[in-house]
Amino acid sequence: MPTPADRSPGQPWRPGTPVPAPVDPDTPSADIRIGYARCSTLTQELQTQLDALAAKSIPRDKIFAEKISTRVGVRPKFEAALAAAREIKAHAPHCRVIFTVYEMKRLGRDAAELTALADHLADHGLVLEMLAGPLAGIYDPTGHGRLLFAFFAAMAETERENIRESTLEGLDTAARKGKHGGRPPVITDDMLHTVLRRRAGGESVEHIQPDLIIPTGKRKGHNPSLSSIYRALAEYEKRQSYPEAVTAAHADFAALQAVGSIRGQTAGSMSA
């Protein structure tokens with residue numbers, strides 16, 4: 001006889017929450033997709049991603065889209081998409097709930113963030129699907145699939161860094177020719193070090209902000225916004241943790257290549 005979930009030894013019987021009925025193994029299952037689309041700036045378009053998601057028969061009310069940079073710590077539509085996927089899985093555990101994006105770089109900015117997200121989805125019984133890029137298809141979180149994901153996540157981060165370095169080199173070259181472009185940073189290194197030092201002493205960012213003065217640019221002489229400070233702190237924390245994740249991803253892929261090489265040599269010797 002089913003026992004209420006809140007019944008414990010030594011307690012008298014009382015009506016309780018009924019035990020959830022077991023799922024009939026013959027219950028028909030289905031794939032349920034949640035789509036997510038993102039671009040970084042207001043001038044970029046989302047239509048290509050939206051069309052690709054719609055082509056997978058994802059209803060419009062199950063596609064979450066936003067124009068926001070991955071530099072921003074919290075992406076509201078992204079969090080809503082994850083919450084919706086988790087909720088659907090909780091209510092329909094017999095169904096395969098697929099979190100679908102157009103390509104890997106729409107999910108996160110760096111290897112550590114991408115890998116953590118993939119683990120989060122797998123931990124909640126959700127499936128990750130990418131429609132374009134080197135890992136197009138359903139992501140396999142085990143074995144070689146995991147190693148390849150880590151590798152391409154590291155490559156995506158390296159690509160972003162290369163673009164950034166090329167941009168900085170171009171600005172530097174232009175500056176030597178007397179041409180100055182780009183926006184000066186709102187939070188300089190000195191300001192960041194001040195924030196880090198005072199936070200270590202127990203002060204809040206809100207308390208530190210009025211003492212920070214922007215040294216150059218259109219807002220010279222003004223205080224930076226709290227969001228600018230938090231963004232600079234987030235970037236600093238990422239720089240401290242990501243190199244290890246990227247190194248680990250490269251090491252994993254090197255190990256994968258070595259395994260493939262050994263298998264290839266073994267197969268060659270057997271055929272000979």
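Rings of Phe, Tyr and Trp (its six-membered ring) pair if their centres lie within 6.5 Å. The model discussed here is predicted.

Me: Which residues form one aromatic cluster?
Reply: Two aromatic pairs are counted in this predicted model. The residues of one aromatic cluster are Y36, F78 and F99.

Me: What is the geometry of the aromatic pair of F78 and F99: stacked, tilted or edge-to-face?
Reply: A pair of aromatic rings is described by the distance of the centres and the angle of the planes. For F78 and F99 the centres are 6.2 Å apart and the planes stand at 90 degrees. Planes over 60 degrees apart count as edge-to-face, so the pair of F78 and F99 is edge-to-face.

Me: How many residues apart in sequence are the parts that the pair of F78 and F99 ties together?
Reply: F78 belongs to helix α2 (residues 76-91), whereas F99 belongs to strand β3. The pair therefore ties together parts whose separation in sequence is 21 residues.

Me: Are F78 and F99 buried or exposed?
Reply: Buried means under 20% relative accessible area. Both F78 and F99 are classed as buried.

Me: Which residue of β4 stands opposite F99?
Reply: Strand β3 (residues 96-101) pairs with strand β4 (residues 127-130) in the parallel sense, over four bridges. Opposite F99, in β4, stands L128.

Me: Which strands stand at the edges of the sheet?
Reply: The open sheet has five strands in the order β2-β1-β3-β4-β5, with mixed pairing. Each edge strand has a single partner strand, so one side of it is left without a neighbour in the sheet. The edge strands are β2 (63-67) and β5 (137-138).

Conventions
Residues are numbered from 1 along each chain as its sequence is written. This is a predicted model: local features need pLDDT of at least 70, side-chain atom pairs count only at pLDDT 80 or more; totals for chains, interfaces and linings use all residues. Side-chain values use heavy atoms; hydrogens and water are left out. Two strands pair if DSSP finds at least two bridges between them. Helices (H or I, at least four residues) and strands (E, at least two) are DSSP runs, numbered from the N terminus. Rings of Phe, Tyr and Trp (its six-membered ring) pair if their centres lie within 6.5 Å; planes under 30 degrees apart count as stacked, over 60 as edge-to-face and the rest as tilted. Buried means under 20% relative accessible area, exposed over 50%, partly exposed in between (1.4 Å probe, protein chains only).
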